[in-house]
Amino acid sequence: MARLHQQPICVASSLLVPLATLATPPWLGLDGVPPSWAVIWLLPWALVEGPLSGALSGLAVGLVMDGLHLSGWSQIPALVLLGWWWGRLGRRAQPIQRSLNLGLLAWLGSMLLGTTVLVQLVIRSGWPLEPQLQGWGWHTLWCQALITGLLAPMLASVQLLIWRRRVPS
């Protein structure tokens, strides 16, 4: 059996990230904010594949996600860092067994992703941000982190089980 990055069906699953981002129904979000599908997909991938593949996958998914919004901020730095960090966790620590651990990791990842976006907005727009932009940024950060952390135990655990079966120990 090949590693995940050598299996076309597993690599093709990354195309679900932009598709899910564009096709998320309103009822699946929290107060109009959808989950971070990139974080939900990248977490099990990096845990199975390791730090290098996790970072490269974070870069690839970040490039696609940045191509969807074409604004001045980027998700790439956070996704590369998360892919590397989660890959190191998957290689060095005990295997993640509990779904709630996946939810906590996804929540932390979504918080890091949202924080890097806010920092980029502050750098680009100057400090302090306009009051309505500050409120919007924090609202989006917390809502996205919460819904991502709630969905990750269900979705990422299934991905993790499937992908661990495809990779030899």
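Start by selecting G58, which you'll find in helix α4. Keep in mind as you click around that this is a predicted model. With a relative accessible area of 0%, G58 is buried, so hide the surface if you have one switched on. Now add G83 to the selection and draw a distance between the two C-alpha atoms: the separation is 5.5 Å, although these positions lie 25 residues apart along the chain count. G83 falls within the span of α5, which runs 76-92.

Next, zoom out and colour by secondary structure. What do you get, helices or strands? There are 7 helices and 0 strands, and reading along the sequence gives α-α-α-α-α-α-α. If you colour by burial instead, buried residues account for 46% of the 169 in the protein.

Stay with α5 and turn the surface back on. Select L81, W84, W85, L104 and L108: together they make a nonpolar patch on the surface, with about 470 Å² of accessible area. Two elements give two or more residues each to this patch, α5 and α6 (99-125). Which one gives the most? That's α5, with 3 residues. For a look at the α6 side, pick L108, which sits in that helix. Its relative accessible area is 36%, so L108 counts as partly exposed.

Now for the largest pocket, which has a volume of about 520 Å³. Select P34, W73, Q75, T140 and Q144 to centre your view, since of the 24 lining residues these lie nearest the middle of the pocket. Then show the helices around it: α3 (37-49), α4 (51-69), α6 and α7 (131-166) each supply at least two residues of the lining. That brings back α4, the helix that holds G58, and α6, the helix that holds L108. Try colouring the lining by residue class. You'll see 14 nonpolar and 10 polar residues, and no charged ones.

Last stop: D31, in the loop between α2 (16-23) and α3. Is D31 buried or exposed? Its relative accessibility is 59%, so exposed is the answer. Before you leave, check the backbone. Most residues other than glycine have a negative phi. D31 goes the other way, with a positive phi near 55 degrees.

Definitions and conventions. Residues are numbered from 1 along each chain as its sequence is written. This is a predicted model: local features need pLDDT of at least 70, side-chain atom pairs count only at pLDDT 80 or more; totals for chains, interfaces and linings use all residues. Side-chain values use heavy atoms; hydrogens and water are left out. Patches are made of residues with over 30% relative accessible area and no salt bridge: like charges are joined within 9 Å, nonpolar side chains (Val, Leu, Ile, Met, Phe, Trp, Tyr) within 5 Å. Accessible areas come from the Shrake-Rupley method with a 1.4 Å probe; for residues, only the protein chains shown count as cover. A salt bridge is a side-chain nitrogen of Lys or Arg within 4 Å of a carboxyl oxygen of Asp or Glu. Helices (H or I, at least four residues) and strands (E, at least two) are DSSP runs, numbered from the N terminus. Buried means under 20% relative accessible area, exposed over 50%, partly exposed in between (1.4 Å probe, protein chains only). On a 1 Å grid over the protein atoms alone, a cavity is a set of points where a 1.4 Å probe fits but cannot get out, and a pocket is an open set with protein on both sides within 12 Å along at least five of seven lines; lining residues have an atom within 4 Å of a point. Grid points are joined across faces, edges and corners, and a volume is the space filled by probe spheres set on the points. Ala, Val, Leu, Ile, Met, Phe, Trp, Tyr, Cys and Pro count as nonpolar, Asp, Glu, Lys and Arg as charged, and the others, Gly among them, as polar.
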